[in-house]
Amino acid sequence: METMKGEVVLNIPSEKAWEMYRNNAILSKINPDLLSAAEYIQGDGAPGSLRLFKLGPAIRNYVKESVEKIEKVETGRSVTYEVIGGDLKEMYDAYRVTFSFIPIEGDNNVNKCIAEWKAEFKVSAPATPPPEKAKDAALRFLKSFDNFQLSY
């Protein structure tokens with residue numbers, strides 16, 4: 001499997017970013033152009049749950065939706081999904097993504113964290129490109145947490 005990752009620095013504590021990411025109602029409002037809805041279609045967010053992401057118009061030409069099975073949850077830190085349905089499943093034989101929220105240590109960084117996106121994937125056909133667009137969209141979405149949390 002190949003790996004791709006990226007990260008952004010958020011001006012919010014990791015606990016707050018984690019809470020925002022795990023709450024479907026909040027997640028669906030952060031940046032509707034990129035993610036219009038998130039819902040658990042099975043389970044409550046624990047490993048084995050299924051979560052449906054309906055993506056917004058800004059990336060609809062790339063991916064419309066994704067059904068993801070939660071594999072692992074490290075409370076306050078990260079969640080790992082395996083894509084089991086949707087457009088990404090058609091493009092990749094295997095596609096696993098991890099979102100992590102890591103506190104930045106230090107006196108002046110109490111209210112900051114690193115939000116990381118990591119994908120492990122196996123291309124289904126030689127012409128299928130690496131998920132650069134997914135990475136860019138995920139990092140733009142994570143950066144949206146800063147602006148949204150001001151109104152939250």
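A residue is counted as buried when its relative accessible area is under 20%. In this predicted model, glycine 56 has a relative accessible area of 0% and is therefore buried. Glycine 56 is located in the loop that connects strands β3 and β4. Setting aside residues up to four places away in sequence, its contacts are Pro32, Asp33, Leu34, Leu35 and Ser36. Phenylalanine 101, by comparison, is 45 residues from glycine 56 along the chain, and 23 Å separates the C-alpha atoms of the two.

The strands on either side of this loop belong to a series of antiparallel pairings. Strand β3, residues 50-55, runs antiparallel to strand β4, residues 65-74, and five bridges join the two. Within this pairing, leucine 50 has lysine 69 of β4 as its bridge partner. Strand β4 is also paired with strand β5, residues 78-86, again in the antiparallel sense, here over eight bridges. Two positions illustrate the register of β4 and β5: glutamate 74 stands opposite serine 78 of β5, and serine 66 has glycine 86 of β5 as its bridge partner. The series continues from β5 to β6, which are antiparallel and joined by five bridges. In that pairing, valine 79 stands opposite phenylalanine 99 of β6. In a regular strand, side chains point alternately to one face of the sheet and the other.

Glutamate 82 offers a view of the surroundings of β5, the strand in which it is placed. With a relative accessible area of 28%, glutamate 82 is partly exposed, because this value falls between the limits of 20% and 50%. Beyond its neighbours within four places in sequence, glutamate 82 is in contact with Val67, Glu68, Lys69 and Glu71, and also with Tyr95 and Arg96. Threonine 128 lies 46 residues from glutamate 82 in sequence, and the C-alpha atoms of these two residues are 19 Å apart.

The contact between glutamate 82 and Tyr95 leads to the nonpolar interior. The largest nonpolar core comprises 42 residues, of which Tyr95, Phe99, Trp117 and Phe145 touch the most other members. Helix α4, residues 132-149, makes the greatest contribution to this core, with eight residues. Nonpolar side chains tend to be buried together in soluble globular proteins. For tyrosine 95, the contacts outside the four nearest places in sequence include Tyr81, Glu82, Val83 and Leu88, together with Trp117, Ala119, Glu120 and Phe121. Pro131 and Ala134 are also touched by tyrosine 95.

One cavity of 30 Å³ or more was identified. The space within the largest cavity amounts to about 370 Å³. Its lining consists of 21 residues, and those nearest the centre of the cavity are Leu55, Ile59, Phe99, Ala134 and Ala138. Phe99 is thus a member of the nonpolar core as well as a lining residue of the cavity. Strands β3, β4 and β6, the last spanning residues 92-103, and helix α4 each provide at least two lining residues. Helix α4 supplies the largest share of the lining, with five residues. In class, the lining is made up of 18 nonpolar residues, one polar residue and two charged residues.

Two residues in the helices α1 and α2 complete the description. Serine 14 is placed in helix α1, residues 14-22, and is buried because its relative accessible area is 2%, under the 20% limit. Apart from residues up to four places away in sequence, serine 14 touches Phe101, Ile102, Pro103 and Cys113. Arginine 77 is 63 residues from serine 14 along the chain, yet the C-alpha atoms of the two are separated by 7.7 Å. Asparagine 24 is placed in helix α2, residues 24-30. Its relative accessibility of 14% is under the 20% limit, so asparagine 24 also counts as buried. Asparagine 24 is in contact with Ala38, Glu39, Tyr40 and Arg51, leaving aside neighbours within four places in sequence.

How values were computed:
Residues are numbered from 1 along each chain as its sequence is written. This is a predicted model: local features need pLDDT of at least 70, side-chain atom pairs count only at pLDDT 80 or more; totals for chains, interfaces and linings use all residues. Side-chain values use heavy atoms; hydrogens and water are left out. A nonpolar core is a set of buried Ala, Val, Leu, Ile, Met, Phe, Trp, Tyr and Cys residues joined through side-chain atoms within 4.5 Å. Buried means under 20% relative accessible area, exposed over 50%, partly exposed in between (1.4 Å probe, protein chains only). Helices (H or I, at least four residues) and strands (E, at least two) are DSSP runs, numbered from the N terminus. Contact means heavy atoms within 4.5 Å. Two strands pair if DSSP finds at least two bridges between them. On a 1 Å grid over the protein atoms alone, a cavity is a set of points where a 1.4 Å probe fits but cannot get out, and a pocket is an open set with protein on both sides within 12 Å along at least five of seven lines; lining residues have an atom within 4 Å of a point. Grid points are joined across faces, edges and corners, and a volume is the space filled by probe spheres set on the points. Ala, Val, Leu, Ile, Met, Phe, Trp, Tyr, Cys and Pro count as nonpolar, Asp, Glu, Lys and Arg as charged, and the others, Gly among them, as polar.
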